[in-house]
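Me: Could you walk me through one part of this structure up close, the open sheet in chain A, and then show me what else is worth a look around it? Keep it casual, please.

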Amino acid sequence: MSMTQPGAGAGAAARAALDAARDELRTEIARGAGGRTALEGHAARVDDLLRQLYLDAGAPERPAAVIALGGYGRRHLSLHSDIDLLVLFGGRIGPSEERFLRGFLHPLWDLGVVVGHQVRELDEFADLETDNPEFLLALLDARLVAGAVPLYERLGAMFHRPATHAYIVRSLLKLIEERHTKFNATLYQLEPDVKEAPGALRDVMAARTIASLTDPLLLRRGPADPGRFEDAEDFLLRVRSILHLEAGRNQNVLNHELQEKTADVLGYPGAQPQQRVERLMSDYFRHARTVARSLEWARRTAPVPVGPNLGLSRDGIRFLDPVQAARNPGSWIGAFQAAIDAGTEVTEEALSCIQQHVDGCRPEDFTPEARDKAALLRLLKPRPGLYARLSQMHDCGMLGRLFPEFQAISWRVVRDFYHKYTVDEHTLLTIRNFERFTNTGEPGRQRFKTIAAGIPSPELVVLSLLLHDVGKWRDDEHALESERMAVDALDRLQITGEARETVQFLIRHHLRMSLSAFRRDTEDPEIVKEFARLVGTEDRLKMLCLLTLADIEAVSPDTLTPWKEELIWRLYVDTYNQLTQGYGDELIERNQAGLIELLAGRPHDLPEAEITRFVEGLPQRYLQLFPRDAIYRHVRLARDIRPDEVHVSLDVVDGVWTLAVVTLDKPFLFSNICGVLSSFGMNILRGHALTNPNGLVCDVFQFTDDERFLALNPDAGPQVLHILQEVVSGHADVTSLLRGREQSVLQWRGTARVAPVVRADNEASGRYTILDIIAGNALGLLYRISRVISQHGCDVDLVLISTEGERAIDVFHITKAGAKLTEAEQRALTSDLQGTLEGTL
Amino acid sequence: MKLIKSIVRPNKVDDVKDALARLNISGMTVTEVRGHGKQKGHTAIYRGKEYNVSLLPKMEVEIVVPDSIVDEAIKAIVEAARTGEIGDGRVFVFPVLESYRIRTGEKES
């Protein structure tokens, strides 16, 4: 087929080429050979035609590609099938590209060819088209006919992603269901549609698609041998070709009239037409049944793609390509993650693959990139299935390679009167127990479930549990040895800062809570204070509490009795109260340990005296709450501060903003800061307000910018800080700023789902009245609370702000005229606060 | 023979065991128990909510000793378990009529 002449001559040549191709196909069909080979030949002739038209159309400015889709892409182009095409451009479609399209498509239309065409720019494939699964299915058969090869390859790279494949499989299964329903889900139709009916050509394609996207070898293991499946397809194609030839159009229903003609063309024997037809239809049903059974097999057994080279099958998560998996240990963690996500296990086949290839692996082979290290930490989040998957990981030898420290305690036997399991199994059981505490339905353990829910990074507890006993490879003191060994693991995982210190703390002190609870007189306030000083913060207390319970319960089934749980709980509560209510009485003094270390590591620009002046008189808790760098920053903020000045810093890490405010105390200060943040729609998550005896205030808030005000406006940060300075110094009124937000505040009042609790206490602290407030978290909540407190003439000296889910938990240390509140003052204040939170005031 | 049953603070059990060991009393039964005497428990506040902890965790230590060392044993327990605060516990003494060793069926005098 040669079409070198543009214009009318070219049109005539194209017509001649198309007619010749069709005549050739008609001849093949008429002799009963219109199956796969004939259709492939026809598709090749049409390819030639399109390539010529592509050349004749003249190259556009942008790279272009003509791509065959669907049946044409598979080279199964029947006589009257639509020619499905994608015309793809490597950039924005402009006049040049439109001219090309006219030059390419108009001659096709003039030929009377039915073209199903899509015109797209490459960038359109950046996002998955979830509203058009049929188009995505057609794209699976994409085949370059003419144009730019690199453009076609880029399309392939953008399209063939695990998420896309998974979506296509899900969509295809749904489409099959819908299509079969139209045929009453039976293939035994008297006048079957050889394209759409169950067991017909679309099912052939569906079975192949499921296999190609999930397990290329799937159909080989199916109920029909591959030869029978191929024969069935060829038979159906031959029948369809005859239908097209006889009807002269895209006819796919094998009706009674066409059954006779088809039987004749295919040469079925029989004296009477009815006999020939019966033989034809008998063959049809046999082939259709082969297809239907293969598709059903594929539907039932195909692994659903759930990640790179990972599939979910009936027996769990498996590697779709074990050879590729064997070469890439970095993909193995994903298999365990996918199994937990899907609530299933990693298949024996996949575990064998890992076991066979794990021996030479180093820890870094499993987590080559930073994202792999993050994925490992995500894997350790406690949820049902974690223990079971880690056990599988251990059994196949991967856990010991991932954590060589853990390998040191594999099958390690330590003889004592308590432990009933080897050290490695005890360790894994601690993780199971922690996992259970986080999801327990036992009424007596709901209190611990609540504590677990308040732990901000529970995966750090799991990591600590995994490493807490690795030092038991030696026979002497193991906690310090475990911590020493854990340092290597933390280095490898690049866990730094507070997270690193927390893990080391939990490992080093993993026996301290049980020691204090069971062996010390916890009714002695000094014992509780000492323990509170050790843990330092509520988060660490929660972590240590759950770690302790999980550890004790893993000793033997009978070790953690309700009696012991009660002792742990009581120590937890007393320590929590000490940390949140009693800490105001313990102030930083000269020559105390934390201060000496702070001074020793100070930067050159900060003299000792300046640091001491800033921190002296603040609660001791301050030194444990903030890392040294943050404290040095606060000291700098306090430098040369004058009564009307407000010094602030604003930073963001992982979407959480931290605002530090240093100023001198004044009425409504805390309330005003909260009000400004609320006026910009900021959601305050955590915070600390601290005051030293000289009236120097250091307030630190962590908040999220849910409305993305700071993210979307480049000058938003300075604007927030400016308004803050204006309000705190008394030059602007926060009430007017908040007016626009009142509507949402009113809405919140009507939908509160947490019953507010307000409680005042004069016993917990020697200097302050403590206000415990639990309420549903809402925009402006802190502003409203603190405003009521200020309106009652109280000074807010210390505040702890925290949120757990939709609950806000705030503890205020307040005084009035320098003293604790009287009973009457407490009643009046709590009554007003209760009314405010319930929306009745 | 006497059965001496003492209710002590959990953190005092080791001290009591050590004190009895010094009297060569090594056989004992230790049980986790809960209860209250004059101490009567108290109300713990956690996050603004009250938790009633009226039954306090204690340890029960039981020993059976010859009449000749009953007074010494009681004295050892009391001294080891005492803090001077309410909630230190109690010691009860019961007569033991007969005692049999299960392994041999032998009656002990």
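Reply: Here is the sheet, followed by the cores, one loop residue and the strands of chain B. Keep in mind that this is a predicted model.

Let's start with the sheet. It is open and has four strands, in the order β3-β2-β1-β4 of chain A, with mixed pairing. Going from one strand to the next, the twist averages 25°. Which strands stand at the edges? Those are β3 (115-121) and β4 (143-147) of chain A; each has a single partner strand, so one side of each is left without a neighbour in the sheet.

Now zoom in on one pairing. Strand β1 of chain A, residues 64-68, runs antiparallel to β4(A), and four bridges join the two. If you want a spot to click on, take A:Ala65, whose bridge partner in β4(A) is A:Gly147. As a reminder, strands of a sheet pair through backbone hydrogen bonds, either parallel or antiparallel. There's a helix to add to the picture too: α4 of chain A (residues 95-110) lies across β1, β2 (83-89) and β3 of chain A, and it runs at about 170° to β3(A).

Next, the nonpolar cores. The largest has 84 residues, and those with the most contacts inside it include A:Ile317, A:Cys545, A:Leu546 and A:Leu549. Helix α27 of chain A, residues 538-553, gives the most to this core, with nine residues. Look at A:Leu546 for a moment: leaving aside its neighbours within four places in sequence, its contacts include A:Phe434, A:Phe437, A:Phe448 and A:Val461. Apart from that core lies another, of 81 residues, with A:Leu39, A:Ile168, A:Ala206 and A:Leu295 among them.

For a contrasting spot, try A:Glu763, which sits in the loop between β12 (757-761) and β13 (769-776) of chain A. Why does A:Glu763 count as exposed? Because A:Glu763 has 11 C-beta neighbours inside 10 Å, and the cut-off for exposed is 12 or fewer. A:Gln581 is 182 residues away from A:Glu763 in sequence, yet their C-alpha atoms are 9.5 Å apart in space.

Finally, hop over to chain B. Strand β1 of chain B (residues 2-8) pairs with β5 of chain B (residues 56-65) in the antiparallel sense, over seven bridges. B:Lys2 stands opposite B:Val65 in β5(B). β1(B) also runs antiparallel to strand β6 of chain B (residues 89-95), joined by seven bridges. There, B:Ile7 stands opposite B:Arg90 in β6(B).

Definitions and conventions: Residues numbered from 1 in each chain as written. Chains lettered and ligands numbered in written order. Predicted model: local features only at pLDDT ≥ 70, side-chain atom pairs only at ≥ 80, totals over all residues. Pairing = 2+ DSSP bridges. Buried ≥ 20, exposed ≤ 12 C-beta atoms within 10 Å, placed from the backbone. Core = buried A, V, L, I, M, F, W, Y, C linked by C-beta atoms within 7 Å. Contact = placed C-beta atoms within 7 Å. Axes fitted to C-alpha atoms, helices over the stretch in contact; angles between N-to-C directions.
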